[in-house]
Amino acid sequence: MSGSCPEGLLGGGEGESRFMFRTLPSGEIDPGLFVANARLVDRDRDALGAVFVKNGKIVAVYEGEEATRMLEELDGAAIGCGSEHGPGMPEILDAGGAALMPAFVDLHAHFRDPGFTAKEDLESGSRAAVAGGYGTVVLMANTDPVTSSSETAAEINARARSLGLVETFQAVSLTRGFDGRDVTSLKGLDRRLVPVASEDGRDVSDPDVMRAAMRACAETGVVVSCHCEDAEIAVRAKPLRSRALASIAAGNVDAARADLAEAESVLREAEDAMTERNLSLATESGCRVHITHASTAGAIDAVRRAKKAARARAASGTPIPVTCDVTPHHLSLTSASLEIVNPPLRPEADRLSLIAGVVDGTIDAIATDHAPHTARDKAAGAPGFSGIQTAFSVCYDALVRAGHIGLSRLSALMSANPAEILGLPRGLLRAGFDADLVLVDLGAQTVVDPTADAWRSKGQNTPFAGRSFPGKILVVFKGGRV
């Protein structure tokens, strides 16, 4: 191929990209973009080829010799580096063999805006998402004030959209203001605008209220995303965690480990109990239920049984959709770590159960549960990690490089499946789908340094600091634009 950059298209300095030519001013006619010489990977394919995008959509996907032929037909077009073309000629990008995948879709993140913008805001969260290869993010409702109406959600989404970085879907709370009682704000939601409702950070304790919330969402098709935790059980873990933090500060790691192990056992009971309850209520109410950040073998087994029962009902024409996600940190870390997160890191047996759930299809998606905190709040025991920027590399290492699944399956978990859950035409390299794409150098390493300029989240609370993972995000396209 002629016309490629003399110094090579990929690489550049630390944190740099050679793809900045694709920043078209708003309103400029889009000549299209032809990404050539790429390893095309999505849920349904893994092959060398090319993709043509224009006006925000994928126009065509070519594999093998057809891709080469189409490139040769672009007479007069040079390869990459922002070369000038004639009127109507598409820009051509030589991917140099890098993996071109659908941009990732996160079903569960916290951008802390409004109310907690010292931890994160829409701009910093969106930049972290892009740096992690994401084009779409569902934001949880535990803002201040709590996001409990479609009007508030629309305002947050509009502010995020104005940044031109990622598309957000702000979830609304299941009960107004997290009061645990009032579900009237769920009436008449438009699932195209608000596809998810969740009480994340807690669970709706009263089963009658949860049943009413699920019935309201069943009428509109809104997905109920469940943070499964019995509050009456979970409260017993708080003093144990507080004591563990004091022990860590005093340098008594063994005492801290013992208290955290006891807290983990308590929170296991809390998660397993509420997973069973929420799945049962979903069956009764007929709503679309999504079990988020599942972390125990018991929770995965419950989802597996619920899916089997749903398939049996589907034969009689009454399917009950049940989906489930897990986080990168629960797939890659165990309770041997002293890190604090909800749900907690589990023993190795649970981690292996999650991987088994990925392999057999019980788990539909990987969601980050991106939870940035200030250093002060984290030191005081605030649970959670800033994880959206590291998610792909961590999962590629834990699942693909470890030999459990192939790259296409990982793409399904991070793109096609979550997009399908949200009802969005993206997540696949398919004509007519949104041109949200990510180019990944699978041979490069990502070194996690939350103090570096390349780290975009305000929250530096990552358990992976100092570690190196395979796979580097090179560029992200949103609607065909960098």
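**Cores, strands and a helix pair, with reasons**

Me: Which residues have the most contacts inside the largest nonpolar core?
Reply: Leu186, Phe392 and Leu410 do, in a core of 73 residues. Bear in mind that this is a predicted model.

Me: What makes a set of residues a nonpolar core?
Reply: The residues have to be buried, come from the nonpolar list, and be joined through side-chain atoms within 4.5 Å. The 73 residues of the largest core are such a set. A second, separate core has 22 residues, including Ala98, Phe433, Leu437 and Leu474.

Me: What is phenylalanine 392 in contact with, leaving aside its neighbours within four places in sequence?
Reply: Among others, Met101, Phe104, Leu407, Leu410, Met414 and Ile473. Phe392 is also one of the α12 residues in the meeting with α13, where Leu407, Leu410 and Met414 take part.

Me: Why is α12 called oblique to α13?
Reply: Helix α12 (residues 391-401) and helix α13 (residues 407-422) pack at about 135°, their axes 11 Å apart. Roughly antiparallel needs an angle over 145, and roughly perpendicular runs from 65 to 115. The pair therefore counts as oblique. As for handedness, the crossing is right-handed.

Me: Why is alanine 416 called buried?
Reply: Its relative accessibility is 5%, and buried means under 20%, so alanine 416 makes the cut. You'll find alanine 416 in helix α13, in contact with Arg43, Ser411, Gly427 and Leu428 once neighbours within four places are set aside. The C-alpha atoms of alanine 416 and glycine 427 are 4.0 Å apart, though their positions lie eleven residues apart along the chain.

Me: Why is strand β15 described as largely enclosed by the rest of the structure?
Reply: Because eight of its ten residues (468-477) are buried.

Me: How do you know that β14 and β15 pair?
Reply: Pairing takes at least two bridges, and β14 (residues 437-447) has eight with β15, in the antiparallel sense. Leucine 437 stands opposite phenylalanine 477 of β15.

Me: What makes β9 and β13 edge strands?
Reply: The open sheet has five strands in the order β9-β10-β11-β12-β13, with parallel pairing. β9 (196-198) and β13 (365-366) each have a single partner strand, so one side of each lacks a neighbour in the sheet.

Me: How do you know that β10 and β11 pair?
Reply: The bar is at least two bridges, and four join β10 (residues 223-226) to β11 (residues 288-291). Valine 224 has valine 289 as its bridge partner in β11. Helix α7 (residues 253-285) lies across β10, β11 and β12, at about 165° to β11. An angle over 145 counts as roughly antiparallel, so α7 runs roughly antiparallel to β11.

Key. Residues numbered from 1 in each chain as written. Predicted model: local features only at pLDDT ≥ 70, side-chain atom pairs only at ≥ 80, totals over all residues. Heavy atoms only, no water. Buried < 20%, exposed > 50% of the residue type's maximum accessible area, 1.4 Å probe, protein only. Contact = heavy atoms within 4.5 Å. Helix = DSSP H or I, 4+ residues; strand = E, 2+ residues; numbered from the N terminus. Axes fitted to C-alpha atoms, helices over the stretch in contact; angles between N-to-C directions. Parallel < 35°, antiparallel > 145°, perpendicular 65-115°, else oblique. Left-handed = near helix turned anticlockwise from the far one by under 90°.
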